[in-house]
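This briefing covers selected packing features of one protein model. Please look over the structure below before reading the points that follow.

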Amino acid sequence: MKNVGFIGLGDMGSQMAMNLKKSGFQPIGFDLSESRMESLREIGGVTAATCSDVGTYCDVAFVMVMNGTQVKNVVQQLGESMQPGSTIIVTATIHASEIREAYAIAQEKGLEMIDSPVSGGLGGAQNATLTLMPAAKSSVLEANRPLLEAISSNILYVGEQVGAGQTVKASLQAYIGASFTAIFESLVLGAKAGVDGKVLFEVFGKSAAASPLFNNCAKLILDRKFEKTGSHIATMYKDLSITMAMAKENGVPMFTTASAFELFQAGKTMYPEGDNWSIVKMLEKMADTKVEW
């Protein structure tokens with residue numbers, strides 16, 4: 001059994017660590033939350049006292065934290081204890097410039113890095129069906145492919161340059177974020193005009209717009225599940241912030257994504273503890289309607 005470090009045991013990270021365990025790897029984790037550490041121990045994982053301690057026991061470590069500052073701090077700490085030639089796999093979504101800065105820190109310590117943000121949400125993490133978009137030296141990717149296969153059903157290599165993974169993810173989030181808000185608005189429109197939610201779900205779900213994203217999103221809305229579904233609104237807001245920053249850096253107008261970003265900002269302000277679908281409640285209030293079965 002190969003020891004694998006895992007920093008960040010939130011909704012996504014805990015499920016990814018569990019799938020590593022199921023595939024025969026021994027996750028050694030660290031998180032600032034003691035309850036999350038206890039959850040890892042309950043599935044047979046091992047916990048460490050610090051990020052640096054994690055690096056003492058493994059030659060590969062996943063990093064699934066919230067932002068770029070955290071990633072860089074974790075990489076710095078892992079660099080204090082991991083042996084040269086070890087690999088850090090960053091599955092967090094951060095700015096491309098931040099992952100490159102983190103890679104520079106790793107290189108100073110003689111460490112390799114795979115820049116591999118994920119897509120698929122909590123369901124993908126639970127079922128080991130996440131889509132990965134890794135960027136790394138091809139030799140480093142292949143050496144660690146069994147680990148990636150333990151958490152993913154789609155490993156889509158995007159190139160050798162660290163930063164390419166985050167660039168692809170930022171582009172993808174423009175599409176996903178705008179898709180979410182289009183779903184929200186279309187359901188509220190139909191409901192306000194007097195169409196039953198079940199009819200909207202069935203018709204949209206069999207149309208050219210049908211997708212797993214729509215099915216999951218619409219069902220949660222119709223079931224009125226707006227919290228604790230594993231898709232916290234703050235995460236998508238953060239991701240869209242990264243997308244908009246990349247658009248500004250590259251001089252690309254993003255009319256639809258900008259509108260989606262503003263909707264997520266408004267939703268986050270009104271429902272700071274809510275998930276992405278909470279935006280529907282805001283639109284319902286404005287339209288004086290309700291989307292339900």
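In which loop does Ser 23 lie? Ser 23 is in the loop that joins helix H1 (11-22) to strand E2 (26-30). The model is a predicted one, and the points below deal with this loop residue, a helix pair, the nonpolar cores and a residue of helix H13.

**Ser 23**
- Ser 23 has a relative accessibility of 41% and therefore counts as partly exposed, since that class lies between the buried limit of 20% and the exposed limit of 50%.
- Ala 150 is 127 residues from Ser 23 along the chain, yet the C-alpha atoms of the two are separated by 5.9 Å.

**Helices H9 and H11**
- Helix H9 (residues 164-192) packs with helix H11 (residues 212-222) at an angle of about 45°, and their axes are 11 Å apart.
- H9 is therefore oblique to H11, an angle between 35 and 65 degrees being neither roughly parallel nor roughly perpendicular.
- The two helices, H9 and H11, make a right-handed crossing.
- On the H9 side, the contact is made by Ile 176, Ser 179, Phe 180, Ile 183, Phe 184 and Leu 187.
- On the H11 side, Leu 213, Phe 214, Cys 217, Ala 218 and Ile 221 take part.
- By class, the residues of this contact between H9 and H11 are 10 nonpolar and 1 polar, with no charged residue.

**Nonpolar cores**
- The largest nonpolar core holds 30 residues.
- Phe 180, Phe 184, Ile 221, Phe 264, Trp 277, Ile 279 and Val 291 are the residues with the most contacts inside this core.
- Two or more residues of this core come from each of H9, helix H10 (197-205), H11, helix H12 (233-250), helix H13 (255-270) and helix H14 (278-287).
- H9 gives the largest share of this core, with 7 residues.
- Ile 279 is in contact with Phe 184, Ile 233, Leu 263, Phe 264 and Gly 267, leaving aside its neighbours within four places in sequence.
- A second core, separate from the largest one, has 28 residues, including Val 54, Cys 58, Tyr 103 and Met 113.
- In soluble globular proteins, nonpolar side chains tend to be buried together.

**Thr 257**
- Thr 257 is placed in helix H13.
- Thr 257 has a relative accessible area of 6% and is therefore buried, the limit being under 20%.
- Leaving aside neighbours within four places in sequence, Thr 257 is in contact with Ala 174, Leu 240, Thr 243 and Met 244.

Conventions:
Residues are numbered from 1 along each chain as its sequence is written. This is a predicted model: local features need pLDDT of at least 70, side-chain atom pairs count only at pLDDT 80 or more; totals for chains, interfaces and linings use all residues. Side-chain values use heavy atoms; hydrogens and water are left out. Axes are lines fitted to C-alpha atoms, for helices over the stretch in contact, and angles run from 0 to 180 degrees between N-to-C directions. Helices (H or I, at least four residues) and strands (E, at least two) are DSSP runs, numbered from the N terminus. Angles under 35 degrees count as roughly parallel, over 145 as roughly antiparallel, 65 to 115 as roughly perpendicular and the rest as oblique. A crossing is left-handed if the near helix is turned anticlockwise from the far one by less than a right angle, and right-handed if clockwise. Contact means heavy atoms within 4.5 Å. Ala, Val, Leu, Ile, Met, Phe, Trp, Tyr, Cys and Pro count as nonpolar, Asp, Glu, Lys and Arg as charged, and the others, Gly among them, as polar. A nonpolar core is a set of buried Ala, Val, Leu, Ile, Met, Phe, Trp, Tyr and Cys residues joined through side-chain atoms within 4.5 Å. Buried means under 20% relative accessible area, exposed over 50%, partly exposed in between (1.4 Å probe, protein chains only).
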